[in-house]
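Colleague: Could you take a close look at the aromatic pairs in this one for me? I'd like to hear what they join up, and how far I can trust the model around them.

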Amino acid sequence: EVDDAVRNGALLRGEVLSRWHEVVGTGDLMRALESRVGRVRDRLRALVSGAPAGQAGLEGAVEAGVEAVVHAAADRAAERTARQWRQSPGGHALLQDGERVDAASPELVAATADEVRSWQRFVFDMVREEGQGKRATARIASLGVNGAGLVVMVAVFASTGGLTGTEVVVAGGTSALSQKLLEALFGDEVVRRLAARAREDLLERAERILAIDAERFEQRLAATAEVSGAIDALAAARGALERAR
């Protein structure tokens, strides 16, 4: 579900899209795409690097959006598991202690926030590493490492999948604009590699976060299988019964 949300445009809605509009501008978006990339980059530099509030707003919106997606996936997974356990005699017995397990655990909030902030630092560091060449360094310096990193993040999320109407135009334009800016900074091959690495790292972090939440279910299951060899003994007894019949 997290993977789908990253790829289908769900993260490029609401606050993230609104903050991106503040940085790039909505009315001139498509016209900007048709102009020289340098002019677009200059505008982004002025609004992101020159306006800390705009950069912080977009960075915060990305963080909140990713956290919301992970929490929603954890909530749905916990709800499905609890529902299926209630429908099974063996599973129902695992829910008799009164503890609520049909929603994400409270510990998930802090763990998610830490991982998302760490992912953003990873993207910024990745952009900084890519800018070691003299030409790339000059171009990134004109935009700022954090500004370029935010463009990478938006490029990871930008897609027309799942969007309709005006959102398709805006998201499609956003994707094209992000790609043009990245190509101007790094080149086409590096653009694909940056986006792939950023997406892969994000999904790995999400998997670790969700594994933390899944552990409480696994612990309940493990507690029911503490009798050593019980399953083997039951299988042997069943075999003996069949033979006797």
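Modeller: Sure, and confidence comes first, since this is a predicted model. The mean pLDDT for the protein is 76, and 67% of the residues reach at least 70. Helix α7 (residues 107-130) does best, with a mean of 90, while helix α3 (residues 29-34) sits at the bottom with a mean of 41. That weak patch covers residues 26-34, where pLDDT stays under 50 and the model has 14 contacts beyond four places in sequence. Another stretch, residues 47-51, is also below 50, with 12 contacts in the model beyond near neighbours in sequence. Where pLDDT is low, the predicted coordinates should not be read in detail. I'd leave the contacts of those two stretches at that.

Now for the aromatics. Searching the whole structure turns up 2 aromatic pairs. Take W85 and F217 to begin with: the ring centres are 5.6 Å apart and the planes meet at 75°, and since planes over 60 degrees apart count as edge-to-face, that is what this pair is. W85 belongs to helix α5 (residues 52-86) and F217 to helix α11 (residues 188-223), so the pair ties together parts of the protein that are 132 residues apart in sequence. As for solvent, W85 and F217 are both buried.

The other pair is W119 with F157, at 6.0 Å centre to centre and with 35° between the planes, which makes it tilted. This pair links distant parts of the chain too, 38 residues apart: W119 is in helix α7 and F157 in helix α9 (residues 145-157). Remember that helix α7 is where confidence is highest, at 90. W119 has a relative accessibility of 0%, so it counts as buried. F157 also comes out buried, with a relative accessible area of 0%.

One more spot away from the rings, while we're on buried side chains: V16, in helix α2 (residues 14-24). Its relative accessible area is 3%, so V16 is buried. Leaving out residues up to four places away in sequence, V16 touches L11, L58, A61 and V62. V16 also sits 7.0 Å from G65, C-alpha to C-alpha, although 49 residues separate the two in sequence.

So, back to what you asked about joining up: W85 and F217 connect helix α5 with helix α11, and W119 and F157 connect helix α7 with helix α9.

How values were computed. Residues are numbered from 1 along each chain as its sequence is written. This is a predicted model: local features need pLDDT of at least 70, side-chain atom pairs count only at pLDDT 80 or more; totals for chains, interfaces and linings use all residues. Side-chain values use heavy atoms; hydrogens and water are left out. pLDDT is the predictor's confidence in each residue, from 0 to 100. Helices (H or I, at least four residues) and strands (E, at least two) are DSSP runs, numbered from the N terminus. Contact means heavy atoms within 4.5 Å. Rings of Phe, Tyr and Trp (its six-membered ring) pair if their centres lie within 6.5 Å; planes under 30 degrees apart count as stacked, over 60 as edge-to-face and the rest as tilted. Buried means under 20% relative accessible area, exposed over 50%, partly exposed in between (1.4 Å probe, protein chains only).
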